Amino acid sequence: MNHRRTSLRRLNRYLRHSERILASWDAFTEFNTDLDGWPFDEDAYGRRAAVRDADTAAAFASIRSGARQLLATARLQLQHLPAHLTRDSWPGQLTILEEALCRLDALDKQWQQTPARLPQGAGPGTEVYIDALDEHHAECWSYLDDWACHGRAILDIQAATRRAATQPKRPQLPAVKPRHGGYRATRR
């Protein structure tokens, strides 16, 4: 249970951090693009986008190891929640998070093979390595953004589960049958 609580805290921290990263990015683009959204300086824009992508990836790293468990637990909790405590959007949001995590896993496997394909001597800190890492982060960013946009569903499901546990159980009352078989059409 303590591990779960820690994972939920990390998810909450990621959501807050990614929100700040995106707000910073939005402020940058507002002042560094024209009215059509084209950057004034493409190099500066690209460097700033790389910072956004790398910062988001670094923030997600803290929840990465527990992400599958968070999803599995949220799915299980959702199955047992009473309908009045759920939102129709939650199953779809969990699916988006699962798909994003699968894509991130695939991109990470691809990245693990990348250093071997780089020229000899192109290790961390070299321009070739940094460019490859920036490209990897750029490919990951939309999936990390999916977690930023939909990760709150996991926290909301957890909160609904806690609410359900504190609510008194409603006794199941037998269905009441009308004494006269419904509407009395024979009455005049």
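Helix H5 covers residues 127–150, and at 1.5 Å a residue its 24 residues should span 34 Å; the C-alpha atoms at its ends are 34 Å apart, which agrees. That expected span is 1.5 Å times one less than the number of residues in the helix. Helices here are DSSP runs (H or I, at least four residues), strands are runs of E with at least two, and numbering goes from the N terminus.

Before going on, a word on the model: this is a predicted one, where local features need pLDDT of at least 70, side-chain atom pairs count only at pLDDT 80 or more, and totals for chains, interfaces and linings use all residues. Residues are numbered from 1 along each chain as its sequence is written, and side-chain values use heavy atoms, with hydrogens and water left out.

**The whole chain**

The chain has six helices and zero strands, so to speak of its order is simple: from the N terminus the elements run α-α-α-α-α-α. Of its 188 residues, 34% count as buried, meaning under 20% relative accessible area, with exposed being over 50% and partly exposed in between (1.4 Å probe, protein chains only). Take the contacts (heavy atoms within 4.5 Å) with a separation of 6 or more: 75% of them join residues 24 or more positions apart.

**Back to H5**

Where does H5 bend? The bend is at Trp-141, by about 40 degrees; that is the angle between axes fitted to the seven residues ending there and the seven starting there. Trp-141 is also one of the buried residues of H5, a list that includes Tyr-129, His-136, His-137, Cys-140 and Trp-147. Their cover includes helix H1 (2–32), helix H2 (42–64), helix H3 (67–80), helix H4 (90–117) and helix H6 (152–166).

**Two residues to look at**

Arg-52 sits in helix H2. Is Arg-52 buried or exposed? With a relative accessible area of 12%, Arg-52 is buried. Neighbours within four places in sequence aside, Arg-52 is in contact with Ile-21, Trp-25 and Trp-141, and Trp-141 is where H5 bends.

Pro-91 belongs to helix H4 and is partly exposed, with a relative accessible area of 35%. Leaving out neighbours within four places in sequence, Pro-91 is in contact with Arg-75 and Leu-78. Pro-91 and Leu-78 are 13 residues apart along the chain, and their C-alpha atoms are separated by 8.1 Å.

**Cavities**

A search of the whole structure turns up two cavities of 30 Å³ or more. A cavity is a set of points, on a 1 Å grid over the protein atoms alone, where a 1.4 Å probe fits but cannot get out; lining residues have an atom within 4 Å of a point. Grid points are joined across faces, edges and corners, and a volume is the space filled by probe spheres set on the points.

| Cavity | Volume | Lining residues |
|---|---|---|
| Largest | about 50 Å³ | His-3, Ser-7, Arg-10, Ser-62, Ile-63, Ser-65, Gly-66 |
| Second largest | about 30 Å³ | His-3, Arg-4, Ser-7, Gly-66, Gln-69, Leu-70, Thr-73 |

For the second largest cavity, H1 and H3 are the elements that give two or more residues to the lining. In the largest cavity, H1 and H2 each supply at least two, and H1 gives the most, with three residues.

The lining of the largest cavity divides into one nonpolar, five polar and one charged residue. For the second largest, the split is one nonpolar, five polar and one charged. Here Ala, Val, Leu, Ile, Met, Phe, Trp, Tyr, Cys and Pro count as nonpolar, Asp, Glu, Lys and Arg as charged, and the others, Gly among them, as polar.

Methods: 1 Å grid on protein atoms, 1.4 Å probe; cavity = no way out; pocket = protein on both sides within 12 Å on 5 of 7 lines; lining within 4 Å.
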